[in-house]
Amino acid sequence: STADAPNVYLYPEQAENIRVGVASPARITVAEPAYPRGGWKVWAEPDGRLHSAAGEFDYLFYELAMQRRDFQYEAGWCVDGAIAQATIEDALFDMGFTALEVEDFRDYWDAVWPSADRVGIYPQIDRLPGLFVEPRPDTLVRAWFVVDDSCRATQWPELPMVERTGFTAAEWGVVILPPL
């Protein structure tokens, strides 16, 4: 499986150089800008614009090869496939992601969201691969969502609402699991 389209956003209080590293970089299958040895090095503006040798970006993008067993499936929800994407967008808002970040989510996924009658959605909050940001942000908002064709959830997830203060880094991602 691949963690699709994790987007990393950086909002320092003042423009500064920031280094971002992903745990297990050998498992990165796609990245934009390209993921260099030692991680991304960007000049970040308070409005979220990122400047690198490869150009200007609104976020850092990557995909990461993962195993099914890397994720939790106890906490989640089951919904009709037609509204699954919208329920994730609502969860992102509830957790403190900005309108622009949720719009980026929608822009990416509207074109490629898989059709399904019913899906299980399993938020991943605590068991995510390492993301290293230097200097360390005051606030980190991270969530990935595993989507599959089963409904294994036994409890409703506790989605933390994060109050964004100071230098904030945010990341969302989705893992669409192939049928078992």
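Reader: What percentage of the 180 residues in the protein do buried residues make up?

Author: This is a predicted model, and the answer is computed from its atoms. A residue counts as buried when its relative accessible area is under 20%. Among the 180 residues of the protein, the share that is buried comes to 49%.

Reader: What radius of gyration does the protein have, set beside that of a compact globule?

Author: The C-alpha atoms fill a box of roughly 45 × 35 × 30 Å along the principal axes. For 180 residues, a compact globule would have a radius of gyration near 16 Å, and the protein agrees with this because its own value is 16 Å.

Reader: How many helices and strands are there in the protein, and in what order do the elements run?

Author: The protein holds two helices and twelve strands. Read from the N terminus on, the elements follow the order β-β-β-β-β-β-β-β-α-α-β-β-β-β.

Reader: Which strands are the edge strands of the open sheet of five strands?

Author: The open sheet has its five strands in the order S6-S5-S4-S2-S10, with antiparallel pairing. An edge strand pairs on one side only, and this holds for strand S6 (55-57) and strand S10 (131-134). From one strand to the next, the twist averages 30 degrees. The edge strands asked for are therefore, as each pairs on one side only, S6 and S10.

Reader: How many bridges join strand S2 to strand S4, and which residue stands opposite Asn17?

Author: Strand S2 (residues 16-22) and strand S4 (residues 40-44) run antiparallel, and the bridges that join them number five. Along this pairing, Glu16 has Ala44 in S4 as its bridge partner. The residue of S4 that stands opposite Asn17 is Trp43.

Reader: Which residue of S10 stands opposite Val22?

Author: S2 also pairs with S10, in the antiparallel sense and over four bridges. Within S10, the residue that stands opposite Val22 is Leu131.

Reader: Which residues of S4 form its covered face, and which form its uncovered one?

Author: The residues of S4 divide between two faces, of which the uncovered one consists of Lys41 and Trp43. The covered face is made of Trp40, Val42 and Ala44.

Reader: Which residue in the turn between S4 and S5 has a positive phi?

Author: S4 pairs with strand S5 (residues 50-52) in the antiparallel sense over two bridges, and the bridge partner of Ala44 in S5 is Leu50. The two strands form a hairpin with five residues between them. In that turn, the residue with a positive phi, about 100 degrees, is Gly48.

Reader: What distance does helix H1 reach from its first C-alpha to its last?

Author: Helix H1 spans residues 81-95, which gives 15 residues. At 1.5 Å a residue, 21 Å would be expected. The helix is close to that expectation, for it reaches 22 Å.

Reader: Which elements are among those that cover the buried residues of H1?

Author: The buried residues of H1 are Gly81, Ala84, Gln85, Thr87, Ile88, Glu89, Ala91, Leu92 and Met95. In an α-helix, residues three or four places apart point the same way, because there are 3.6 residues a turn. What covers the buried residues of H1 includes strands S8 (77-80), S9 (118-124), S11 (139-148) and S12 (168-176), together with helix H2 (99-112).

Reader: Is Thr139 buried or exposed?

Author: Thr139 has its place in strand S11. Leaving aside residues up to four places away in sequence, Thr139 touches Val162, Glu163, Arg164, Thr165, Phe167, Thr168 and Ala169. Because its relative accessibility is 4%, Thr139 counts as buried.

Reader: Where is Pro135, the residue to which Glu134 is joined by a cis peptide bond?

Author: The peptide bond from Glu134 to Pro135 is cis, with omega near 5 degrees. A cis peptide bond also joins Glu32 and Pro33, with omega of about 0 degrees, and Pro33 has its place in the loop between strand S3 (28-32) and S4. As for Pro135, its place is in the loop between S10 and S11.

Reader: What relative accessible area does Ser24 have?

Author: Ser24 is found in the loop between S2 and S3. Although Ser24 is not a glycine, it has a positive phi of about 55 degrees. Ser24 is partly exposed, and its relative accessible area is 36%.

Technical notes
Residues are numbered from 1 along each chain as its sequence is written. This is a predicted model: local features need pLDDT of at least 70, side-chain atom pairs count only at pLDDT 80 or more; totals for chains, interfaces and linings use all residues. Side-chain values use heavy atoms; hydrogens and water are left out. Axes are lines fitted to C-alpha atoms, for helices over the stretch in contact, and angles run from 0 to 180 degrees between N-to-C directions. The expected span of a helix is 1.5 Å times one less than its number of residues. Buried means under 20% relative accessible area, exposed over 50%, partly exposed in between (1.4 Å probe, protein chains only). Contact means heavy atoms within 4.5 Å. The radius of gyration is taken over C-alpha atoms; the globule rule is 2.2 Å times the number of residues to the power 0.38.
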